[in-house]
Amino acid sequence: MERVQKYMQSGTEALMNIAALILTVISVKLYMTFEVFCPCLPGFNMVYGIGFMFIPPSVFLFLGLTINRYCILATEEHVRPVGGRMKNPAIMKNMISSTVQRALLAPVMWIIMSLLDGKSIICAFSESVNPEEFAELSNKTETELELLLAKIPCKKHDEEINISIRKAVSRYLRCLSQALGWSIIFLLILLAAVAHALKPLLSNSAVAMQNSYWTRYTDFEEKFFDKACYTHNYNFAYKAISRYFESLENENRQYIFAIPKKKHDGKQDEKDYLDWITCPEQLDQVLEAWYNYRPPLNLNQNMQLHCEGERVTLSWVPSENNDGCVCSFRENGTSQKTAFQEF
């Protein structure tokens, strides 16, 4: 159990692997739960059989793409403005490839189980068999043959159909279905083995390592940004509520609301780099600047943010002491400035 917990806490890829595994188990359980109830009507058998084989996998594919974090990151990376950081197509390609591989696991499992079971294939293609291959069907008219083949998947019509005919056609279609299913399994195993063996020869290991690194960096950057926003939300709300109650003239306000104070244990207080933000408009412009003018990955550059009315611009200049970036903010003719420590 401890190993499972450590694996789940190891990163986003571990969580995505677990999510893909859960979807695969759900697909197997659902297929074992539901049965193929073929309508046994001419023209409807194929629609039902093909739909039973491919509609649920499409749903699992959509769910696999939706819950995968890399899919969201790749979409955000594709639609975001360039700003100060160029987009890397290799990173987006790596994210999409990883997402598709995990999302296809559950749909492929459903399709393979359908082929190995054979019921959906029998339902879908019972009307498509060649009557000349079965001697019992050679003396039937076209209308009788159409109705007879459509009723083959249903056992409730045994009194209308010769049992030997139904078994022969069902066995024929099931053999083809299982042969196709095992061929797909063998082909997937072969492709996986060949890709694993030839990957060092066909791809640059250094480039693959770089793409993997920057893919994880993009994920961690979004997480740290969300964490920083959460921390600032807490501090901003704390200061707003504190100043509200401090401004009250009621002499009994200390009994109405007691504001917790920070304990000083001798350690130096952590610097609040967003202390200069005092109103929602400033915060909205900073967040918009992060999205529209993503800073370059250069820790030796300073970032300067200029706000003139509703227009926000960013520029980067070499840092004199290389200790982080400086963000200057203008509001109502007053210039405010703060320093950010780069991570």
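Student: Which residue forms a salt bridge with Asp219, the closest N and O atoms being 3.6 Å apart?
Tutor: In this predicted model, the partner lies about one helical turn away, because the two residues are 4 residues apart in helix 10. That partner is partly exposed, since its relative accessible area is 33%. The residue that forms this salt bridge with Asp219 is Lys223.

Student: Which residues do salt bridges that share partners join into one network?
Tutor: Asp219 forms a salt bridge with Lys223, and the side chain of Asp219 also meets that of Arg69 in a salt bridge, at 2.4 Å from N to O. The second pair links distant parts of the chain, with Asp219 in helix 10 and Arg69 in helix 4, 150 residues apart. Through these shared partners, the network is made of Arg69, Asp219 and Lys223.

Student: Is Asp219 buried or exposed?
Tutor: A residue counts as buried when its relative accessible area is under 20%. For Asp219 the relative accessible area is 2%, so Asp219 is buried.

Student: How many salt bridges does the structure hold?
Tutor: Asp219 takes part in a salt bridge with Arg69 and in another with Lys223. Arg80 forms a salt bridge with Glu77, where the closest N and O atoms are 3.1 Å apart, and both Arg80 and Glu77 are buried. For the structure, the number of salt bridges is 3.

Student: Why do the buried residues of helix 4 line one face of the helix?
Tutor: The buried residues of helix 4, which spans residues 69-79, are Tyr70, Leu73, Ala74 and Glu77. Seen down the axis of helix 4, they line one face because they fall within an arc of 100 degrees.

Student: Which helices do the buried residues of helix 4 pack against?
Tutor: Among the buried residues of helix 4 are Tyr70 and Leu73. Packing here rests on contact, with heavy atoms within 4.5 Å. The helices that the buried residues of helix 4 pack against are helix 2, helix 5 (89-103) and helix 10 (205-246).

Student: How many disulfides are there?
Tutor: A disulfide is a covalent bond between the sulfur atoms of two cysteines. One disulfide joins Cys38 to Cys123, with 2.1 Å from S to S, and Cys40 and Cys154 form another, with their sulfur atoms 1.5 Å apart. The count of disulfides comes to 2.

Student: How many residues apart are Cys38 and Cys123, which link distant parts of the chain?
Tutor: A disulfide joins Cys38 to Cys123. Cys38 lies in the loop between helix 2 (12-33) and helix 3 (45-66), whereas Cys123 lies in helix 7 (residues 119-125), and the two are 85 residues apart.

Student: Why is the disulfide of Cys38 and Cys123 right-handed, and are these two cysteines buried or exposed?
Tutor: The disulfide is right-handed because the torsion about the S-S bond of Cys38 and Cys123 is about 80 degrees. At 12% relative accessibility, Cys38 counts as buried. At 1% relative accessibility, Cys123 likewise counts as buried.

Student: What is the pairing when the bonded cysteines of the chain are numbered in sequence order?
Tutor: The link of Cys40 and Cys154, with 95 degrees about the S-S bond, is right-handed. This pair links the loop between helix 2 and helix 3, where Cys40 lies, to the loop between helix 8 (142-150) and helix 9, where Cys154 lies, 114 residues apart. With the bonded cysteines numbered in sequence order, the pairing is 1-3, 2-4.

Student: Leaving aside its neighbours within four places in sequence, which residues is Ile184 in contact with?
Tutor: Ile184 lies in helix 9 and is partly exposed, with a relative accessible area of 28%. The C-alpha atoms of Ile184 and Val108, 76 residues apart along the chain, are separated by 9.5 Å. Beyond its neighbours within four places in sequence, Ile184 is in contact with Ile112 and Leu115.

Student: What is the accessible area of the nonpolar patch on the surface that includes Leu187?
Tutor: Leu187 has its place in helix 9 (residues 163-202) and counts as partly exposed, at 45% relative accessibility. The patch is formed by Phe186, Leu187, Leu190, Leu191, Val194, Leu198, Leu201 and Leu202, and their accessible area together is about 820 Å².

How values were computed:
Residues are numbered from 1 along each chain as its sequence is written. This is a predicted model: local features need pLDDT of at least 70, side-chain atom pairs count only at pLDDT 80 or more; totals for chains, interfaces and linings use all residues. Side-chain values use heavy atoms; hydrogens and water are left out. Patches are made of residues with over 30% relative accessible area and no salt bridge: like charges are joined within 9 Å, nonpolar side chains (Val, Leu, Ile, Met, Phe, Trp, Tyr) within 5 Å. Accessible areas come from the Shrake-Rupley method with a 1.4 Å probe; for residues, only the protein chains shown count as cover. A salt bridge is a side-chain nitrogen of Lys or Arg within 4 Å of a carboxyl oxygen of Asp or Glu. Buried means under 20% relative accessible area, exposed over 50%, partly exposed in between (1.4 Å probe, protein chains only). A disulfide is a pair of cysteine sulfur atoms within 2.5 Å. The arc is that of the directions from the helix axis to the C-beta atoms.
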